[in-house]
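Hi,

Here is the structure I said I would pass on. Have a look at it first, and my notes on what turned up follow below.

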Amino acid sequence: MPITYGVVGAAIGGTASLFAAFACFSALVFADFQGPAPRRLRGYAFLLVGGAALVVLAGAVADSLPAAVATVFVVAFVLRFVGCLGGYATVAGSTLMTAFALAVMATPVTEVDQRVLGWIIGVAVATAVAVLTTPRYRYPARRNLAEHARMLAEDLRELAAGRHPHPRSG
């Protein structure tokens, strides 16, 4: 994140570096997409596009306090409602809300192109870091639960056949 902030600040400008650093931080901290790499990439792509759209929307309403307040309410409601669907929608909600909050609070609205570009660069850097450095998640609880379910099924078959199941150790 600090490297992204410095490089983007030197190459593009202060507004882009602020949004790039914020996007990088929030995508890495709040959006823990799990699963195989292609699925995770789709999650980060949604985060990139959704966040960029929210940055543009926030820029459109940020100069008017009543419009900003109403839009914050609507965006927060929609993100929480969609988060009820579970999965990546839940994971992305907090990061998308932070994108909107930063953009709506950073007034006056100038350099919208730098805001969006910064968001895109930050999420792209976070995606590369997350996909390339995070080991694949293993699901030991799922594997253990499946093994116990198999053992239970064997025991139930034994009982149904009128035999006593063999006691298991450990």
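Let's start with Ser-26: once its neighbours within four places in sequence are set aside, Ser-26 is in contact with Ala-31, Thr-95, Thr-98 and Trp-119. This serine sits in helix α2, and its relative accessible area is 0%, so it counts as buried. Before you read on, keep in mind that this is a predicted model.

Trp-119 from that contact list turns up again in the largest nonpolar core. That core has 32 residues, and Trp-119 is among the members that touch the most others, along with Phe-33, Leu-47, Val-55, Phe-100 and Val-104. Which helices supply at least two residues each? They are α2 (14–29), α3 (37–61), α4 (65–83), α5 (88–105) and α6 (112–133). The biggest contribution comes from α5, which gives 9 residues.

Val-55 is a good place to look inside this core. Leaving out anything within four places in sequence, Val-55 is in contact with Phe-19, Ala-99, Ala-103, Arg-115, Val-116 and Trp-119. If you follow that list to Val-116, you land in helix α6. Is Val-116 buried or exposed? Its relative accessibility is 16%, and since buried means under 20%, Val-116 counts as buried. With residues up to four places away not counted, Val-116 touches Ala-52, Val-55 and Val-56. It is also worth setting sequence against space here: Val-116 and Leu-48 are 68 residues apart in sequence, while their C-alpha atoms are 9.6 Å apart.

For a contrast, try Glu-154. This residue is in helix α7 (residues 140–160), and at 38% relative accessibility Glu-154 is partly exposed. Glu-154 and Val-125 are 29 residues apart in sequence, yet 49 Å apart in space from C-alpha to C-alpha.

Now for the outside. There is a nonpolar surface patch of about 760 Å², made by Phe-73, Val-74, Phe-77, Val-78, Phe-81, Val-82 and Leu-85. One of these, Val-78, has its place in helix α4; with a relative accessible area of 41%, Val-78 is partly exposed. Two of the phenylalanines in the patch go further: Phe-77 counts as exposed at 53% relative accessibility, and Phe-81 counts as exposed at 56%.

Last, the aromatic rings. How many aromatic pairs does a search of the whole structure find? The search gives 2. In one of them, Phe-25 and Phe-30 meet edge-to-face, with 6.1 Å from centre to centre and 80 degrees between the planes. Phe-25 is partly exposed, with a relative accessible area of 38%, and Phe-30 also counts as partly exposed, at 38% relative accessibility. The other pair takes us back to the patch: the ring centres of Phe-77 and Phe-81 are 6.1 Å apart and their planes are at 15 degrees, so this pair is stacked. Phe-77 and Phe-81 are 4 residues apart in helix α4, so about one helical turn separates them.

If you open just a few spots, I would pick Ser-26 with its contact to Trp-119, then Val-55 with its contact to Val-116, and then the stacked rings of Phe-77 and Phe-81.

Cheers

Conventions. Residues are numbered from 1 along each chain as its sequence is written. This is a predicted model: local features need pLDDT of at least 70, side-chain atom pairs count only at pLDDT 80 or more; totals for chains, interfaces and linings use all residues. Side-chain values use heavy atoms; hydrogens and water are left out. A nonpolar core is a set of buried Ala, Val, Leu, Ile, Met, Phe, Trp, Tyr and Cys residues joined through side-chain atoms within 4.5 Å. Buried means under 20% relative accessible area, exposed over 50%, partly exposed in between (1.4 Å probe, protein chains only). Contact means heavy atoms within 4.5 Å. Patches are made of residues with over 30% relative accessible area and no salt bridge: like charges are joined within 9 Å, nonpolar side chains (Val, Leu, Ile, Met, Phe, Trp, Tyr) within 5 Å. Accessible areas come from the Shrake-Rupley method with a 1.4 Å probe; for residues, only the protein chains shown count as cover. A salt bridge is a side-chain nitrogen of Lys or Arg within 4 Å of a carboxyl oxygen of Asp or Glu. Rings of Phe, Tyr and Trp (its six-membered ring) pair if their centres lie within 6.5 Å; planes under 30 degrees apart count as stacked, over 60 as edge-to-face and the rest as tilted.
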